[in-house]
Amino acid sequence: MVSFEMNDRKKIGLGLTGFGVFFSFLGIIFFFDKGLIAMGNILFFSGVALTIGLKSSLQFFMKRSNYKGTAAFGAGFFFVIIGWPILGMILEAYGFIVLFSGFWPTLSVFLQKIPILGWIFQQPFVRSFFDRYRGKRVPV
């Protein structure tokens, strides 16, 4: 059975993931600063690996249905490193959407249960948007 306990490794992983998103956001705000974006990518990858484990993260990124997203995200990271941050971020965004599109159902249920914002996400036109992009594949 899968353990959902929050041990120190998962706490550090969530912190690194959060810092990765924060540094990527700062890199975009500061006119696509390649150093901040690259640091954000490294922190995000290491945070995901610590949160779900190295074996599970390798299985997730190397799954046959995720090859396109992994290749796009990797190519985007490469373009950020060599100094083309705008093209790199476009490729990374596409890869991120392809990789994590299986999490839309979980995200939609979570957003609908937030006390004030949940009312907005329970409206028929918003709910139909989430239902349209609900996939049948399991993300992990």
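This section describes the helical architecture, helix packing, nonpolar core and selected residues of a predicted model.

The protein chain folds into eight helices and contains zero strands. Read from the N terminus, the order of elements is α-α-α-α-α-α-α-α. Along the principal axes, the C-alpha atoms of the protein chain occupy a box of roughly 45 × 35 × 30 Å. The protein chain comprises 140 residues, of which 32% count as buried. Among contacts in the protein chain with a separation of 6 or more, 56% join residues that lie 24 or more positions apart.

Two helix pairs were examined for their packing geometry. In the N-terminal pair, helix 1 spans residues 8-29 and helix 2 spans residues 34-52; their axes come within 7 Å and cross at roughly 160 degrees. Helix 1 is therefore roughly antiparallel to helix 2, given that angles over 145 degrees are placed in that class. The crossing of helix 1 and helix 2 is left-handed. The residues that form the contact of helix 1 with helix 2 comprise 16 nonpolar, ten polar and two charged.

The second pair consists of helix 4, residues 67-82, and helix 5, residues 85-99, which pack at an angle of about 160 degrees with their axes 7 Å apart. Helix 4 and helix 5 are therefore roughly antiparallel to each other. Their crossing, that of helix 4 and helix 5, is left-handed. On the side of helix 4, the contact is made by Lys68, Gly69, Thr70, Ala72, Phe73, Ala75, Gly76, Phe77, Phe79 and Val80. Helix 5 contributes Pro85, Leu87, Gly88, Met89, Leu91, Glu92, Tyr94, Gly95, Phe96, Val98 and Leu99 to the contact. By class, the residues of the contact of helix 4 with helix 5 are 14 nonpolar, five polar and two charged.

The largest nonpolar core has seven residues in all: Phe44, Val48, Phe60, Phe61, Phe73, Leu99 and Phe100. Helix 2 and helix 3, the latter covering residues 54-61, each supply at least two residues of this core. In soluble globular proteins, nonpolar side chains tend to be buried together. Two of the core members, Phe73 and Leu99, also take part in the contact between helix 4 and helix 5.

Val48, a member of this core, is placed in helix 2. The relative accessibility of Val48 is 12%, so Val48 counts as buried, the limit for this class being under 20%. When neighbours within four places in sequence are left aside, Val48 is in contact with Thr17, Gly53, Ser57 and Phe61. Of these partners, Phe61 is itself listed in the core. Val48 also has its C-alpha atom 6.2 Å from that of Gly13, although 35 residues separate Val48 and Gly13 along the chain.

Thr17, the contact partner of Val48, is found in helix 1. With a relative accessible area of 16%, Thr17 is buried. Beyond its neighbours within four places in sequence, Thr17 is in contact with Leu43, Phe44, Gly47, Val48 and Thr51. Two of these partners, Phe44 and Val48, are members of the largest nonpolar core.

The loop between helix 1 and helix 2 contains Phe31 and also Phe32. Phe31 is a residue other than glycine, yet its phi is positive, near 55 degrees. Phe32 likewise is not a glycine and has a positive phi of about 55 degrees. As to solvent accessibility, Phe31 is exposed, with a relative accessible area of 78%, whereas Phe32, at 27% relative accessibility, counts as partly exposed.

Trp104 is found in helix 6, which covers residues 104-112. Trp104 has a relative accessible area of 32% and is partly exposed. Trp104 and Met89 lie 15 residues apart in sequence, and their C-alpha atoms are 21 Å apart in space. Met89 is one of the residues through which helix 5 makes the contact with helix 4.

Definitions and conventions: Residues numbered from 1 in each chain as written. Predicted model: local features only at pLDDT ≥ 70, side-chain atom pairs only at ≥ 80, totals over all residues. Heavy atoms only, no water. Axes fitted to C-alpha atoms, helices over the stretch in contact; angles between N-to-C directions. Helix = DSSP H or I, 4+ residues; strand = E, 2+ residues; numbered from the N terminus. Parallel < 35°, antiparallel > 145°, perpendicular 65-115°, else oblique. Left-handed = near helix turned anticlockwise from the far one by under 90°. Contact = heavy atoms within 4.5 Å. Nonpolar A, V, L, I, M, F, W, Y, C, P; charged D, E, K, R; others polar. Core = buried A, V, L, I, M, F, W, Y, C linked by side-chain atoms within 4.5 Å. Buried < 20%, exposed > 50% of the residue type's maximum accessible area, 1.4 Å probe, protein only.
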